[in-house]
Every structure is written in C-alpha cells, then in structure tokens.
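I opened the notebook to log a few look-ups on this chain. The entries follow in the order I made them.

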Amino acid sequence: MKKISLKSAFCLILSFVLSCGLLLGTKTLVVSAEASESQSTEAAETSSSEKEGEKDVSEKTDPRTLSAEEREKGVLCVWPLGLKYELPEILNDEHVKVRTDGIHADEEDRLYTSRGFYFRPQARLDLAKDIRFEYDATENRENYKKRMDEEVLPFDLPLFKVVNLRSDKLPESEEEREKLFREELEKASDFAKTPVKEIKKLLEEDGLSQYLLIFEDPETPLAAAEDAELFKKVREGCEELLKNMQSFRAEKSEESFPKVEKWTFEGTDYNLSDEPITDAILKNAKLTYVVYWTTWCPDCHNELKFLGEQLDFLKEHDIQLLGIVKDVKAEEIDEDVLAEAHKVIDERGLTDAMPVMLDSDELEDGLFIRALNIPTTFFVDGEGKIYRAYVEPDTSKWQDEALAVLAEMDEKK
C-alpha cells in the first residue's frame with residue numbers, strides 16, 4: 001500500500017532527512033500528514049455540560065478541543081502535531097506551501113512528526129503548475145515526482161518549522177540538542193541555502209520534545225520585485241501566527257485515528273453509483289479497504305490505479321473496495337467535480353469494482369477529523385471494526401498488509 005506514502009511519493013519527498021537526521025523511509029500506519037502541500041485542518045467543537053451551571057472541564061483540560069468561539073474565529077487545530085493557531089490571511093496565499101510530515105510509527109526514529117511553512121517564488125510556482133498539467137495529461141507519475149523534486153521543491157524557502165521528536169532519542173542537554181539540530185540541518189538539502197536563525201523549545205511532555213525552528217531570510221534578494229514584496233508580507237504573517245500559536249501534547253500514533261468500535265454510517269442521497277450506500281455494504285465481503293481520496297491528488301490517482309490492478313487478488317481473498325471522495329460534499333454537490341470523480345474512477349477500471357460515497361460534514365467531523373493527508377485508507381471488517389489506518393499507503397506492501405489483517409481476523413474467531 002502506498003502509505004500516502006506519507007510518505008507520499010510527492011509529500012514524502014517533500015519531507016527531508018529532518019532535523020535529527022531521520023530518514024523518512026518508513027511508511028507509517030496512522031492517520032495524519034498532508035496531501036502534498038495542502039493546508040488542511042480539522043477541529044472538534046467543545047461539548048457542553050449536561051449539568052446546568054457546571055463548566056465543561058474538557059475545554060479547560062484538553063487544549064486539543066476548540067471552543068465554539070475559537071471555531072468561529074477560524075482557529076486551526078493540528079492534532080498529531082499538537083498545535084493550534086489562527087492563520088493570518090496572507091499565509092493562505094498560493095505562494096505559501098505547508099508540508100506536514102506524518103506520524104512515524106517506527107519508534108527507532110527520532111522524528112515523530114513535523115510541519116513547515118515555505119515560500120515558493122512565482123517562477124517556481126508557474127513551473128509546478130506546468131509540471132502538474134503534464135502529469136494530468138500523461139499520468140507519468142515518476143517524471144512528475146522527479147521534476148518536482150529537482151526543479152521546484154529545492155527552491156522553496158523555509159520560513160519556520162515545528163518538529164516533534166522522541167525525547168529518549170535525543171541528547172539530554174539543550175546545548176547538545178541544538179548543536180545536533182544545526183549539524184543535521186546543514187546536511188539537509190532543503191536548508192542548504194537557508195540557515196536556522198533560532199531554535200526554540202516549545203514543549204516537552206510524555207516522551208516528546210517539540211521545537212520551533214525559525215529560518216533566516218534569504219541572503220540573496222529574490223529576483224522578482226513582486227516576490228520580494230510578497231515575501232516580506234508573508235514573513236510578517238508568520239510572525240503574527242507564531243505569536244498566537246499554542247502548543248499541547250501531540251497525539252501518540254495509536255491515538256491518531258479515532259477509536260471506532262463499530263463504524264456505522266447512512267447513505268447520502270447521491271453517490272457515484274447513484275445508489276445510497278450504508279454500512280450494510282460492509283457485510284458483502286470479509287474485509288473492506290476504504291480509500292479517502294480527492295480528484296486533484298496525484299497520490300490518490302496513483303493509489304486508485306494500483307487498486308485497479310489488484311482486482312484478481314481482491315476477489316481471491318474476499319476483499320472489496322469502498323471509496324469516499326473528499327472534494328465532493330454530499331451537502332453541496334459540485335457537478336463539475338462530481339463529473340471529474342466519475343472520470344477518475346472510470347479511467348482506473350474501478351467503476352464496477354469500487355462504490356464511492358460522497359464526503360459529508362459528519363465524516364469530516366468524526367472519522368476523518370485527524371486526516372491531514374490524503375489518501376487516507378483503512379481496512380474494516382463486516383461488523384465495522386477498523387483494523388489498520390494508513391496515510392499515503394505503501395503500494396509495495398499492500399498485499400502483505402491485507403493478508404496480515406485477514407490472518408489477525410482469523411485468529412480472533
């Protein structure tokens with residue numbers, strides 16, 4: 001499975017041998033991270049106390065929970081990273097790229113997760129669009145990834161980055177840790193031209209150390225005057241964000257996918273199949289592989305293409321597919337995006353093999369509230385029990401993972 005490649009080929013490659021010399025080579029079995037360069041955020045509304053006059057303690061003791069006032073203000077909550085903040089409007093500009101490295105399940109890694117903000121000059125932004133256009137026309141994934149890696153990403157200018165590291169994998173003293181950070185960052189290609197100006201410890205709790213890395217402005221002025229002016233405004237936006245940013249304990253890997261004893265859902269009035277889909281569909285096979293995807297995500301397309309080549313394996317092992325298309329909301333259907341979703345599924349040979357549900361507010365506020373990256377996928381049995389969850393699944397290991405889940409199910413009989 002291509003564990004979004006959270007390693008998403010694209011997104012992972014976006015990741016670098018991070019601050020502590022961690023190679024992002026292992027795929028992770030949890031939900032988190034970002035679809036290449038997408039700034040997605042989710043939040044849960046504070047529940048009110050049933051007892052009149054009693055203050056809801058969750059709002060006071062669980063900083064991951066956003067109050068109604070915070071939601072109204074647009075405060076963003078990045079669950080796996082342990083951050084919440086108000087995003088200044090300038091940081092929504094297309095020149096600002098946000099890359100989130102998903103949770104690393106391998107506890108031998110120093111890196112747990114990270115999120116960085118970057119500035120992409122106009123010329124590279126235009127080039128990225130051209131490369132994407134080429135990919136859409138040819139679906140040459142390898143060339144797309146290679147060109148982005150070589151011609152676009154190295155020219156993104158890092159603004160700041162928050163990293164969560166496993167405390168027991170770091171030197172004990174802050175002085176030794178900072179020295180290690182600086183040594184490793186100098187080796188990382190992303191930062192070869194952009195030294196770290198400041199390293200600030202934000203939090204240390206529950207075996208995780210959280211640091212803020214702020215990078216120097218580029219020594220060489222940006223070539224285009226409009227880039228230079230915009231970069232100045234973006235930098236001011238970052239300073240504003242850092243002033244309102246709040247830290248809390250990042251979620252452990254086992255917490256990053258909601259605990260669902262039984263996944264139940266009702267069908268929407270319209271699905272790609274034109275028929276409502278309910279949780280009764282889970283009983284049609286021993287195991288169901290659910291894919292949460294979008295029409296615009298190259299890694300999702302790659303995952304769906306791979307699954308279209310696995311139909312014989314699926315049939316042999318009584319595994320079925322179920323898709324959920326994130327960018328077509330049941331509450332407000334965009335007919336153009338809906339048509340594109342039909343096209344994506346049809347071109348990958350999945351029209352008859354993978355029923356597709358539309359996304360909904362209920363799904364986004366519940367099951368997928370922590371899904372910062374796409375594709376997010378999971379295995380679920382006929383009773384709705386979720387066995388594994390992945391971000392950017394690793395296709396090279398997908399069959400092995402499927403067989404392992406089936407074996408686990410048989411053991412529990």
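I began with helix α8 and listed its buried residues: Pro298, Asp299, Cys300, His301, Glu303, Leu304, Phe306 and Leu307. Buried means under 20% relative accessible area, exposed over 50%, and partly exposed in between, with a 1.4 Å probe and protein chains only. Eight of the 11 residues of α8 are buried, so the helix is largely enclosed by the rest of the structure.

Before going on I noted the ground rules. The model is predicted: local features need pLDDT of at least 70, side-chain atom pairs count only at pLDDT 80 or more, and totals for chains, interfaces and linings use all residues. Residues are numbered from 1 along each chain as its sequence is written, and side-chain values use heavy atoms, with hydrogens and water left out.

Next I asked which strands α8 lies across. Helix α8 (residues 298-308) lies across β10 (287-293), β11 (319-329) and β13, and runs at about 155° to β10. Helix α10 (residues 335-347) also packs on the sheet, where it touches β10, β11 and β12, and its direction makes about 155° with that of β11. Axes are lines fitted to C-alpha atoms, for helices over the stretch in contact, and angles run from 0 to 180 degrees between N-to-C directions. Helices (H or I, at least four residues) and strands (E, at least two) are DSSP runs, numbered from the N terminus.

I then looked up the sheet. It is open, has five strands in the order β12-β11-β10-β13-β14, and its pairing is mixed. The edge strands, each pairing on one side only, are β12 (356-359) and β14 (386-391). Neighbouring strands of this sheet are turned by 20° against each other on average, direction ignored. Two strands pair if DSSP finds at least two bridges between them. β13 (residues 376-381) and β14 pair in the antiparallel sense over five bridges. I picked out one residue here: Phe378 has Ala389 in β14 as its bridge partner.

For a contrast in exposure I checked Lys315. Lys315 is found in helix α9 (residues 311-316) and counts as exposed because its relative accessibility is 72%. Its C-alpha is 9.4 Å from that of Ala285, and the two residues are 30 apart in sequence.

Last, I took down the chain totals. The chain has 12 helices and 14 strands, and buried residues make up 54% of its 413 residues. Among contacts (heavy atoms within 4.5 Å) between residues at least 6 apart in sequence, 74% join residues at least 24 apart.
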